[in-house]
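Please work through the following exercises on charged side-chain pairs, using the sequence and the coordinates together.

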Amino acid sequence: MRRRGPGGWSIGPLRIAAVLCLLALAVVPVRAEDLPCSVPDGLAFSGFPLPRSKAAIDAGKRLVVLVVGGASMGGLAAGGHAYSVPMRLEARLRAALPGKDIAVVTRSVEGGTHATVGQMPALIHDTGASLVVWETGSRAAVAGDDVETFASDVEAGIDAAKGAKADIILMDLQYAPSIARVMNQTPYSNAIRGAAEMEEVPMLHRSDLMRAWSDSGELDLDASDPAKRVQVARKLYDCLAAMLATGIAGALHGT
């Protein structure tokens, strides 16, 4: 027996099955491992421990992820906070860890890296964060701050987070061809990388990832059309959030 659908078209058993299959796919949550951007060789973000965060999840407590960073974390370039890295990170972590209580909160500190160090313990205490994602370096690069002083501040910030009993992930500067032509960000990214290695904490190599996506043509980071810039920013932020979520979820699963 064939049923009549809206407008008089007929629906056979095979078509009904196909529709139900599509509906089922539509409600499947996006998994953290379903990355929207390619992962360049050597830039996978995985294989590190987050002991305090895992302990919180294993104990059935809420996992609060505190993102500390500048304007790029607000999502303005993508057309709103809903498209920002923190909000996409929360959505992907919830999808990767169903049934877990997860919240991602953001804080911006005036005064750059050095000021953040002094406020790090209070930020962690006030938010109840078990994990900090710290995006830093842009202000220092723009101001031309002394690189050694900047590196010392990053190390101090890591120690402050550890002292406040939180795990920490570092994220270095943004990249775009237009930025690279007028500013040498490499020393600051290298300083962050060195601090991460010395303190044995994970780092998302945002600059290298963005450079690879730009060079391959996957993302046009110098798009001139306003509408295209918004679309590029949305995909970029989701790509970065997916990278973070994959690494964090793996650490919480103990993989």
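The exercises below concern salt bridges and confidence in this predicted model.

**Exercise 1. Determine how far the model can be relied on along the chain, and which residues have pLDDT under 50.**

Solution.
Step 1. The mean pLDDT of the protein is 87, and 86% of the residues score at least 70.
Step 2. Residues 1-33 have pLDDT under 50 throughout. For this segment the model has 22 contacts beyond four places in sequence.

**Exercise 2. Establish how R88 and D238 are paired, and where each residue lies.**

Solution.
Step 1. The criterion is a Lys or Arg side-chain nitrogen within 4 Å of a carboxyl oxygen of Asp or Glu. At an N to O distance of 2.9 Å, R88 and D238 form a salt bridge.
Step 2. R88 belongs to helix 3 (residues 85-96) and D238 to helix 10 (residues 226-253). The pair thus links distant parts of the chain, 150 residues apart.
Step 3. Burial is assigned under 20% relative accessible area. D238, at 13%, is therefore buried. R88, at 24%, is partly exposed.
Step 4. Through salt bridges with shared partners, R88, R92 and D238 are joined into one network.

**Exercise 3. Characterise the pair K162 and E199: which helices are tied together, and is E199 buried or exposed?**

Solution.
Step 1. The closest N and O atoms of K162 and E199 are 3.5 Å apart, and the two residues form a salt bridge.
Step 2. K162 is located in helix 6 (residues 147-163), whereas E199 is located in helix 8 (residues 186-199), so the salt bridge ties together parts that are 37 residues apart in sequence.
Step 3. E199 has a relative accessibility of 14% and counts as buried. K162 has a relative accessible area of 30% and is partly exposed.

**Exercise 4. Locate D222 and R181, and classify the accessibility of each.**

Solution.
Step 1. D222 and R181 form a salt bridge, with 3.7 Å between the closest N and O atoms.
Step 2. D222 occupies the loop between helix 9 (206-215) and helix 10, while R181 lies in helix 7 (residues 177-182). These distant parts of the chain are 41 residues apart.
Step 3. The exposed class begins over 50%. R181, at 63% relative accessibility, is therefore exposed, and D222, at 29%, is partly exposed.

**Exercise 5. State how many salt bridges the criterion yields.**

Solution.
Step 1. Side chains of opposite charge can pair when their charged atoms come close.
Step 2. Applying the 4 Å rule gives a count of ten salt bridges.

Terms used. Residues are numbered from 1 along each chain as its sequence is written. This is a predicted model: local features need pLDDT of at least 70, side-chain atom pairs count only at pLDDT 80 or more; totals for chains, interfaces and linings use all residues. Side-chain values use heavy atoms; hydrogens and water are left out. Helices (H or I, at least four residues) and strands (E, at least two) are DSSP runs, numbered from the N terminus. Buried means under 20% relative accessible area, exposed over 50%, partly exposed in between (1.4 Å probe, protein chains only). pLDDT is the predictor's confidence in each residue, from 0 to 100. Contact means heavy atoms within 4.5 Å.
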